[in-house]
Structures are given as C-alpha cells and as structure tokens.
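Q: Please take a close look at one part of this model, a single strand and its surroundings. I would like a connected account that starts there and works outward.

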Amino acid sequence: MTLRGLTRTHDAFVGYRLGMNLTVIDHPLTRHYLTVLRDRTTAPPQFREAARGLTSTLVLEATKRVPLEEFDIETPMETTKGYRFTNVVAVPVLRAGLGMLSAVLETIPNVKVGFAGVARDEETALPQEYYSKLPDLSDATVLICEPMLATGGSLSWAVDKVKSSGAKYVIALCVVTAPEGVKRMYEDHPDVKIIAAAFDRELNESYYIVPGLGDMGDRLFGTL
Ligand code: URA
C-alpha cells in the first residue's frame, strides 16, 4: 500500500487502524467512558472522571509492550523470579494531556513524568512550543499523552522532542484520532504506536475532530 496514493476519506485509513500504527480499543469500559466524554451535557467533574477511567483502559493496552526487568524475589517459601517496570516516562502534552495523567500515575509503577507544552496556532494549526521539562530519556519507554490527535502536528512535535532527549521506544495514548493525524504520524514517526479509543471521521474547517468531543482542554478545565 502506498501512503501517497491514499485519499483523505475515513475508509481509506482503515488500513492504518487495522494493521499499522493505530490500535483502537473497543473494550466496553472504553466505549462507556468515551460516550460520557462525547456527550455535550457532561460537566467538567464528570468529564475529568471519564477521562481518567478511559485512560486506564488505554494504559493496559499500551503497557503490554513495555519491557520488564527480571529479578529474584523471596516468597515465604523460596526464591523465585519477579518482574518490575523500569524507566517508563509519561509525557502529557499540555494542557489537555493533563486529563490523562492521574490514570497513568495510578496504574504504572515507578513512572516518571515529563511535560511538553505546545499551543496550536488558531489560524495555521501549527504547533508552538511554550514549555518543556523532560527528564533524561536515555533508553526510556515513553508514553505520550495527547488526547486529541487532529492534524498530528503537536504529537509529531512531542515525539521529535522526546526522541531528541534519548527515547528509543515511544507510544502515544490518544482519546480520539482523526485520519489526518494518524496519516501524519505514520509519515513522520512510523515506529510510534498509537493506542486510542476512537478513530473519527474527519477534521472540520477549524481543525476540530468530528464527531469528536469538542475542545478537550476546555471541557476538562471548565474554560468553555
Ligand atoms: N483539540 C481538541 O481539543 N479537540 C479537537 O477536536 C481537536 C484538537
């Protein structure tokens, strides 16, 4: 399949969803929480709670691929093998990615956190960096939390950022993805797996995902 030959329709991107860089989780809990997030009447406290619940289902899938360190552990009976997480770093993309952080902190043992601040220029939709604070990422497994994968500009920028700090293995956790963003990520970073709750139809003329859930940051933090 040649990427260049694909059109911008939803159906043309099913190949990405099924076999390439995107995995869409269809667990009943994921669908439940996504429905709460999509509902325009959901208020910020319930929206935050649903974002937390949904993210924990994405984390289970994403961490299937995380390498573990093996070590010896003493049970009350004898010595046996144990396993632990080492060097996993979560990087929420500010500000909407903060809505995914509490689930990551509660679920992943020993996780470290870096922050990447990027704003979308409202006219061009290009990413503008305004803050970045990353730990040493040498050989780390990095989970980037970017809930709305729209044009893909912010996520691609964040992946460039973590790779230039040494990250070798990068996974993106998204709530909703659009064909344009998935395609952009496949072209810029084909090694990065995207774990998401939805693959939506398209972007509108303001670069919002439809059907989507609106502005994730505004809905999380009540700034509508
Ligand atoms: N960011 C959002 O918060 N929502 C979208 O639909 C696209 C980008």
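**Strand E11 and its surroundings**

A: Strand E10 (residues 169–177) and strand E11 run parallel and are joined by six bridges. This is a predicted model. Within the pairing, Leu173 has Ile195 of E11 as its bridge partner. Between the two strands the chain passes through helix H6 (residues 179–188), and the resulting β-α-β crossover from E10 to E11 is right-handed.

E11 also pairs with strand E1 (residues 22–24), again in parallel, through three bridges. Here the partner of Leu22 is Ile194 of E11. E11 itself covers residues 193–199, and six of its seven residues are buried, so the strand is largely enclosed by the rest of the structure. In a regular strand, side chains alternate between the two faces of the sheet.

Ile171 gives a residue-level view of this region. Ile171 lies in strand E10 and is buried, because its relative accessibility is 0%. Its contacts, leaving out residues up to four places away in sequence, include Val192, Lys193 and Ile195. Ile171 also touches Thr141, Val142, Leu143 and Ile144, as well as Ala62 and Arg65. The C-alpha atom of Ile171 is 9.8 Å from that of Asn21, although 150 residues separate the two along the chain.

The wider packing comes next. In soluble globular proteins, nonpolar side chains tend to be buried together. The largest nonpolar core in this model has 36 residues, and Leu173, Val175 and Met216 touch the most other members. Leu173 is also the bridge partner of Ile195 in E11. Both E10 and E11 are among the elements that give two or more residues to this core, as are strand E4 (88–94) and strand E8 (141–145). The helices in that group are H2 (28–38), H3 (44–62), H4 (98–107) and H7 (216–221). H3 supplies the largest share, seven residues.

Met216 shows how separate stretches of the chain meet. Beyond residues up to four places away in sequence, Met216 touches Phe47, Ala51, Ala96, Pro147, Met148 and Val175. Val175, like Met216, is one of the three residues that touch the most other core members. There is also a second, separate core of 26 residues, and Phe199 belongs to it along with Val118, Leu149 and Ala167.

The cysteines deserve a check as well. A disulfide is a covalent bond between the sulfur atoms of two cysteines. None is found in a search of the whole structure. For Cys174, the closest cysteine sulfur is in Cys145, 9.1 Å away, which is too far for a bond. Cys174 is buried, since its relative accessible area is 0%. Cys145 is likewise buried, at 0% relative accessibility.

Charged side chains complete the account. Side chains of opposite charge can pair when their charged atoms come close. The structure holds 13 salt bridges. One of them is in H6, the helix of the crossover between E10 and E11. In this helix, Lys183 and Glu187 are four residues apart, about one turn, and their side chains meet in a salt bridge with an N to O distance of 2.8 Å. Lys183 is buried, because its relative accessible area is 19% and the cut-off for buried is under 20%. Glu187 counts as partly exposed at 32%.

A second pair involves H7, one of the helices that contribute to the largest core. Asp218 and Arg95 form a salt bridge at 2.6 Å, N to O. This pair links distant parts of the chain, with Asp218 in H7 and Arg95 in the loop between E4 and H4, 123 residues apart. Asp218 is buried, with a relative accessible area of 18%, whereas Arg95 is partly exposed at 33%.

Asp72 and Lys81 form another salt bridge, with their closest N and O atoms 3.3 Å apart. Asp72 is exposed, at 53% relative accessible area, and Lys81 is partly exposed, at 46%. Finally, Glu49, Arg52 and Glu106 are linked in a network of salt bridges.

Technical notes
Residues are numbered from 1 along each chain as its sequence is written. This is a predicted model: local features need pLDDT of at least 70, side-chain atom pairs count only at pLDDT 80 or more; totals for chains, interfaces and linings use all residues. Side-chain values use heavy atoms; hydrogens and water are left out. Buried means under 20% relative accessible area, exposed over 50%, partly exposed in between (1.4 Å probe, protein chains only). Two strands pair if DSSP finds at least two bridges between them. A crossover is right-handed if, with the strands pointing away from the viewer, the path from the first strand over the helix to the second runs clockwise. A disulfide is a pair of cysteine sulfur atoms within 2.5 Å. A nonpolar core is a set of buried Ala, Val, Leu, Ile, Met, Phe, Trp, Tyr and Cys residues joined through side-chain atoms within 4.5 Å. Contact means heavy atoms within 4.5 Å. A salt bridge is a side-chain nitrogen of Lys or Arg within 4 Å of a carboxyl oxygen of Asp or Glu.
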